[in-house]
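The following exercises ask the reader to work from strand pairing to core packing and then to charged pairs. Each task is followed by a solution in steps.

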Amino acid sequence: MDPQRYPVISVVYSSTATSPFSDADLAALLTVSRRNNAGNGVTGMLLYRDGRFLQLLEGPFRPVHDLMERIADDTGHRDVRVLIDEIVDSRQFPEWTMGFQPVAVAEEASIPGYRKTFDDLADDTDDVSSTTPAVRALIRWFQSAP
């Protein structure tokens, strides 16, 4: 992939936290991530549930892939699995420097594509075709959420 020809890429990955994150831990992580991402032209969203992360990163080729390398090497993550890595015409979350909103149990049923777990994203196969539609549905919901 020629980074000069395709200035915006979108990467979605899943991973497992090596230790559980509280809401305060997530807020601290997001404070640092937002500052770093803004400086590198990276936007996106982060989901966390029961020790699993699902994150969409978008921006210039090199900063996004450099960030993915750091995430893969980060001892706070294990089982990092890239689900989508594609060139996009425009950002899906141009104003988001990593959104965070805890979801109450009562709200779960109203979220299209909502997943109780990300366990199926952690299998050992390289075939992500079964999870890609659910990931895309969830992304579309976040794009249209107020």
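The structure examined here is a predicted model.

**Exercise 1.** Determine which strands pair with S1, and in which sense.

*Solution.* Step 1: take strand S3, residues 52–59, which runs antiparallel to S1 and is joined to it by eight bridges. Within this pairing, isoleucine 9 has glycine 59 as its bridge partner. Step 2: turn to strand S4, residues 77–87, which also pairs with S1 through eight bridges in the antiparallel sense. Here tyrosine 13 stands opposite valine 82.

**Exercise 2.** Establish whether the residues on the two faces of S1 are buried or exposed.

*Solution.* Step 1: the criterion for a buried residue is a relative accessible area under 20%. Step 2: on one side of S1, Ile9, Val11, Tyr13, Ser15 and Ala17 are buried. Step 3: on the other side, Ser10, Val12, Ser14 and Thr16 are likewise buried. Step 4: the strand, spanning residues 9–17, is thus mostly covered, with nine of its nine residues buried.

**Exercise 3.** Identify the residues of the largest nonpolar core and the elements that give two or more residues to this core.

*Solution.* Step 1: the core has 10 residues, namely Ile9, Val11, Tyr13, Val42, Leu57, Phe61, Val64, Leu67, Met68 and Ile71. Step 2: S1 and helix H2 (61–73) are the elements that give two or more residues to this core. Step 3: H2 provides the largest share, five residues. Step 4: consider valine 11, whose contacts beyond its neighbours within four places in sequence include Leu57, Val64 and Met68, and also Val82 and Ile84. Step 5: a second, separate core of eight residues has among its members Met45, Leu56, Leu83 and Ile84. As general background, nonpolar side chains tend to be buried together in soluble globular proteins.

**Exercise 4.** Locate the two salt bridges found in the whole structure, and state how accessible the residues of each pair are.

*Solution.* Step 1: one salt bridge links aspartate 66 to arginine 62, with the closest N and O atoms 2.9 Å apart. Both residues lie in helix H2, four residues apart, or about one turn of the helix. Step 2: aspartate 66 is partly exposed because its relative accessibility is 27%, and arginine 62 is partly exposed at 41%. Step 3: the other salt bridge joins arginine 78 and aspartate 79, whose closest N and O atoms are 2.7 Å apart. Step 4: arginine 78 has a relative accessible area of 44% and is therefore partly exposed; aspartate 79, at 43% relative accessibility, also counts as partly exposed.

Key:
Residues are numbered from 1 along each chain as its sequence is written. This is a predicted model: local features need pLDDT of at least 70, side-chain atom pairs count only at pLDDT 80 or more; totals for chains, interfaces and linings use all residues. Side-chain values use heavy atoms; hydrogens and water are left out. Buried means under 20% relative accessible area, exposed over 50%, partly exposed in between (1.4 Å probe, protein chains only). Two strands pair if DSSP finds at least two bridges between them. A nonpolar core is a set of buried Ala, Val, Leu, Ile, Met, Phe, Trp, Tyr and Cys residues joined through side-chain atoms within 4.5 Å. Contact means heavy atoms within 4.5 Å. A salt bridge is a side-chain nitrogen of Lys or Arg within 4 Å of a carboxyl oxygen of Asp or Glu.
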